[in-house]
Amino acid sequence: MLLLLARLFSNCFLPVFDPSEARYADICANMAASGNFLEPKFIHAGEMQIFEGKPPLYFQMGAICCKIFGTSEFAVRFPAMLSAIAILLFVFFTVKKTKGEIPAVCATLIAALSPIFLAFSGFCMTDLLLAAAICGAVCFYLIFLAENDRKRKKYFSCGFFAALGVGMIVKGPVALVLAGMPIFFFTAINRRWRDLKDHAWFAGIGIFLLIAAPWFWLMQAKNPDFLEYFFVNENFKRFLFKDYGDRYGAGRESFRGMALIFMLLCNLPGLLLLVFPFKNRKNSGFKALQDYLKEPLAGMALLWLVCDTLFWCLTSRVLITYLLPTIPAAAIVIADLLERNGNLSDSVFRRKLIKTAAVWGVLLVIFTIASCWCLPTLRGSGGHFFRDLARSKEYTGQTFYFWRKTPYSAEFYMGPRVWYHADESMRTSVKNSRSCILLITEREIRKYGPPAGRRLLARRGSWSVWSPQADSPRD
């Protein structure tokens, strides 16, 4: 809890970071300002456009937080913090119901102490909310399997379908794939098809459609090419072709198999616990794996970890945030292995684990708080500077014009005080900004020289601020 409070504290001070976080933050702010909760919109190529790359749930949550707390970094990041808390609660209560309280606490600690998990619990990104939906779907399914009362099984089945609906409205069909693969393979490997008859199929599917379908139907009604672009370009061609018709900028390329490295990074330092010898190591080999996969919690969590990692290994267009759903999966697997091999029943091991977790947690708290002062000063980070410019009384009433194109973080902090324009040359920017405050990167100044007829007003990091052109009339 102290870790999450420290991250919540840092959300009040860290500026939004370009490009992705600032873009999503700008969408949340625009949604809150316009009151249009159907169409996510942002400034792209100098014009206000509908963002059709993602469903709206995170943006809607961010916009609601902006309405409650005021438009700020804290508000647009708060849904990510709620997602992190939801993941930890899902892990704790699922493991507690199936394995007991000590393994539940262990699994929750392993997930919470992941630096990657902690970092993205405070970023305005859709991925942790997606991870929460996937985690919720798998955990509801596990509790569904563990429950003996048929009426209560129906309730957890409905929870499973509701989580899938939430995942669908967060990021689309990828949620169904990432949550469905481990459940399908667990059912197939153990031939547990009879469990399917206990699902609340009619109520569950109805809940899923009630959550997911209305937004897609309304968006298609207002934007006739939406469904084709979203499902074909963003969710199919995106992972197969380099040029897939992206409307908002090229995706990032790495290499196939990079997801494995990202998975390992996401789950440090928890994976290091597997390096230490188990107290009572049981049988190893294929027979042990078969026995492991038969147990719902252990088998499902392992398949969840493996399936999600291998799925993203198939594409070179992968980010570390795509592997966030593996964090709760790995935490459950590690805690289960420690419990079944006797480590968690050893009081000496538990004391060492608690002490190590406490020390690591304190270090993460110190790093998180220190980042509030260190990260904004990094070269090239403009968000802190743009926030100061927007609040400065010195530039009250002034309009800001950015060379070539406007960073998303500037749009978030400066809003209507920015003169929006499409991507253009340096010379065109200088010419078109005669009556505006002009912001140029230091690199462009070194390349082209200072703009004629302008006076240097301020310099911060990689950005410099220049006065309007002398004697230029205001437009």
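Two parts of this model are said to be in contact when heavy atoms of one come within 4.5 Å of heavy atoms of the other. Keep that in mind as we walk through the structure, which is a predicted model.

Let's start with the whole chain. It has 20 helices and six strands. Along its principal axes, the C-alpha trace spans about 85 × 55 × 40 Å. A compact globule of 475 residues would have a radius of gyration near 23 Å, and the chain's 25 Å agrees with that. Buried residues make up 55% of the 475. If you take the contacts between residues at least 6 apart in sequence, 72% of them join residues at least 24 apart.

Now find the sheet. Four strands form an open sheet in the order 3-4-6-5, and the pairing is mixed. Strand 3 (400-402) and strand 5 (456-460) sit at the edges with a single partner each, so one side of each has no neighbour in the sheet. From one strand to the next, the twist averages 25°.

How do the strands pair up? Strands in a sheet are held together by backbone hydrogen bonds, in either a parallel or an antiparallel arrangement. Here, strand 3 and strand 4 run parallel and are joined by three bridges; Tyr-401 has Leu-438 in strand 4 as its bridge partner. Strand 4 and strand 6 run antiparallel, with four bridges between them, and Ile-440 stands opposite Ser-464 in strand 6. At the other edge, strand 5 is joined to strand 6 (residues 463-466) by four bridges, again in an antiparallel pairing. One spot to look at there is Ala-458, whose bridge partner in strand 6 is Val-465.

Strand 4 deserves a second look. Five of its five residues are buried, so the rest of the structure largely encloses it. In a regular strand, side chains alternate between the two faces of the sheet. You can follow that pattern in strand 4: Ile-437, Leu-439 and Thr-441 point one way, Leu-438 and Ile-440 point the other way, and all are buried. Part of the surroundings is helix 17 (residues 383-391), which lies across strand 3, strand 4 (437-441), strand 5 and strand 6 and runs at about 25° to strand 6.

Next, move to helix 12 (residues 258-266). Which of its residues are buried? They are Met-258, Ala-259, Phe-262, Met-263 and Cys-266. These residues cover an arc of only 140° around the axis, which puts them on the same side of helix 12. The spacing fits a general rule: an α-helix has 3.6 residues a turn, so residues three or four places apart point the same way. As for what covers the buried residues of helix 12, that includes helix 6 (115-120), helix 14 (296-313) and helix 15 (326-340).

The loops have some details of their own. Past helix 12, in the loop that leads to helix 13 (286-294), you'll find Pro-269. The peptide bond from Leu-268 to Pro-269 is cis, with omega near 5°. Another cis bond runs from Asp-18 to Pro-19, with omega near -5°; Pro-19 lies in the loop between helix 1 (2-10) and helix 2 (20-34).

The loop between helix 9 (174-190) and helix 10 (201-222) holds Asp-198, and Arg-191 lies in that loop too. Are these two buried or exposed? Asp-198 counts as buried, at 12% relative accessibility, while Arg-191 is exposed, with a relative accessible area of 67%. Leaving aside neighbours within four places in sequence, Asp-198 is in contact with Phe-144, Arg-150, Lys-153 and Lys-154. Arg-191 has a positive phi of about 50°, although it is not a glycine.

Finally, what about the cysteines? A disulfide is a covalent bond between the sulfur atoms of two cysteines. With a cut-off of 2.5 Å between sulfurs, the count comes to zero disulfides. For Cys-135, the nearest cysteine sulfur belongs to Cys-139 and is 3.9 Å away, and Cys-135 is in no disulfide. Cys-135 is buried, with a relative accessible area of 0%. The sulfur of Cys-307 is 12 Å from the closest cysteine sulfur, in Cys-313, which is too far for a bond. Cys-307 is also buried, with a relative accessible area of 10%.

Definitions and conventions:
Residues numbered from 1 in each chain as written. Predicted model: local features only at pLDDT ≥ 70, side-chain atom pairs only at ≥ 80, totals over all residues. Heavy atoms only, no water. Pairing = 2+ DSSP bridges. Helix = DSSP H or I, 4+ residues; strand = E, 2+ residues; numbered from the N terminus. Axes fitted to C-alpha atoms, helices over the stretch in contact; angles between N-to-C directions. Buried < 20%, exposed > 50% of the residue type's maximum accessible area, 1.4 Å probe, protein only. Arc of directions from axis to C-beta. Rg over C-alpha atoms; globule rule 2.2 N^0.38 Å.
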